[in-house]
Amino acid sequence: MQGSKHAWLLLIAIAFFGCNQSDNPTNTAQNDADHEQITVDVVNDEVQKAAQDPKAVIELFLVSLRQGDATTTSRLLTSKARTETAKHDMVVRPPGSDTAKFVVGQTIYTTETHDICHVESNWTDVDDAGRRQTYEIVWILRKEPFGWAVAGMATELFSGEAPLVMNFEDPLDMLAQQQRAELELTRRGNATGGSPQVMPASHSSGLNR
């Protein structure tokens, strides 16, 4: 990041994905499997309890992001998100931050069948200059057979414009959107000589289906 100008990138870092750059994928997979075998009972219990309520899912999700807990973060994603990211050799990389704080807000159901919902949140952390920055993020959840899981997120980068929707179930599109958004923010910043305004998240989403 380059100071507060690019502080919004924390929104994307929170959400995560990067290519698995291990020199030995086989060993990495084996290590992950061994670690999963040790922790699966505890993690499953915690995740299964949270999965019964969308707000509880996001509270656990954000705690896991703050703690850098990749195992729990991954298990809170929808099954499609986990499948698609694995297919493209991507892994969850939660940032981990001792200075981050968050508040989880209201839950809004966006379908008549109540199988998709949005959960509001505020994420606050310290930027490179030591200033606290707060971001409003709407998390998009889908109800699966075993409970609620995270399918994506939405936030408005520019006032009056459509929100940026990050669909975790389509990681290639998500990464492309991230790159376009970064280029556009940099372009606007260079044009104005200032920092573009980061706006609150929106409940308009392309995942309401």
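Is Arg 187 buried, exposed or partly exposed? In this predicted model, Arg 187 has a relative accessibility of 48% and counts as partly exposed, because the exposed class begins only over 50%. Its salt-bridge partner is Glu 184, with 2.6 Å from N to O. Glu 184 is also placed in the partly exposed class, at 23% relative accessibility. Both residues belong to helix 6, and because they are three residues apart there, about one helical turn separates them.

The wider set of salt bridges can be taken next. A search of the whole structure gives four of them. One of these joins Lys 87 to Glu 84, with the closest N and O atoms 3.1 Å apart. Here too the partners share a helix: both lie in helix 5, three residues apart, or about one turn of the helix. Their surroundings can be read from the accessibility values. Lys 87, at 56%, counts as exposed, whereas Glu 84, at 16%, counts as buried.

Another salt bridge connects Arg 142 with Glu 169, and its closest N and O atoms are 3.0 Å apart. This pair links distant parts of the chain, since Arg 142 sits in strand 5 and Glu 169 in the loop between strand 7 and helix 6, 27 residues away. Both Arg 142 and Glu 169 are buried. Arg 142 also has a spatial relation to Leu 77: the two are 65 residues apart in sequence, yet their C-alpha atoms are 9.3 Å apart in space. Leu 77 is found in the loop between helix 4 (70-75) and helix 5 (79-87). With a relative accessible area of 1%, Leu 77 is buried.

The strands come next. Five of them make up an open sheet with antiparallel pairing, in the order 3-4-5-6-7. Strand 3 and strand 7 are the edge strands, as each pairs on one side only. On average, neighbouring strands of the sheet are turned by 30° against each other, with direction ignored. Helix 3 packs on this sheet and touches strand 3, strand 4, strand 5 and strand 6. The direction of helix 3 makes about 155° with that of strand 3.

It is helpful to walk through the sheet pair by pair. Strand 3 and strand 4 run antiparallel and are joined by seven bridges. Ile 108 stands opposite His 118 in strand 4. The hairpin of strand 3 and strand 4 has six residues between the strands, and His 114 in this hairpin takes a positive phi near 55°. Strand 5 and strand 6 also pair in the antiparallel sense, over seven bridges, and the hairpin that joins them passes through two residues. Across this pairing, Lys 143 stands opposite Trp 148 in strand 6. Strand 6 then pairs with strand 7, again in the antiparallel sense, over four bridges. Thr 155 is set opposite Leu 164 in strand 7. Strand 6 is largely enclosed by the rest of the structure, because nine of its nine residues are buried.

Aromatic rings offer another view of how the strands are connected. There are three aromatic pairs in the model. One of them is formed by Phe 102 and Trp 123, whose rings are stacked, with 6.4 Å from centre to centre and 5° between the planes. Phe 102 lies in strand 3 (residues 101-109) and Trp 123 in strand 4 (residues 116-126), so the pair ties together parts that are 21 residues apart in sequence. Phe 102 counts as buried at 19% relative accessibility, because the buried class covers values under 20%. Trp 123 is buried too, with a relative accessible area of 1%.

Finally, the nonpolar interior draws on many of these elements. The largest nonpolar core has 33 residues, and those with the most contacts inside it are Leu 62, Trp 139, Leu 141, Val 150 and Phe 168. Two or more residues each come from helix 2 (25-50), helix 3 (54-67), strand 3, strand 4, strand 5 (132-144), strand 6 (147-155), strand 7 (164-167) and helix 6 (171-192). Helix 3 supplies the largest share, six residues. Helix 3 is thus a contributor to the core as well as the helix that packs on the sheet.

Terms used:
Residues are numbered from 1 along each chain as its sequence is written. This is a predicted model: local features need pLDDT of at least 70, side-chain atom pairs count only at pLDDT 80 or more; totals for chains, interfaces and linings use all residues. Side-chain values use heavy atoms; hydrogens and water are left out. Rings of Phe, Tyr and Trp (its six-membered ring) pair if their centres lie within 6.5 Å; planes under 30 degrees apart count as stacked, over 60 as edge-to-face and the rest as tilted. Buried means under 20% relative accessible area, exposed over 50%, partly exposed in between (1.4 Å probe, protein chains only). Two strands pair if DSSP finds at least two bridges between them. A nonpolar core is a set of buried Ala, Val, Leu, Ile, Met, Phe, Trp, Tyr and Cys residues joined through side-chain atoms within 4.5 Å. Axes are lines fitted to C-alpha atoms, for helices over the stretch in contact, and angles run from 0 to 180 degrees between N-to-C directions. Contact means heavy atoms within 4.5 Å. A salt bridge is a side-chain nitrogen of Lys or Arg within 4 Å of a carboxyl oxygen of Asp or Glu.
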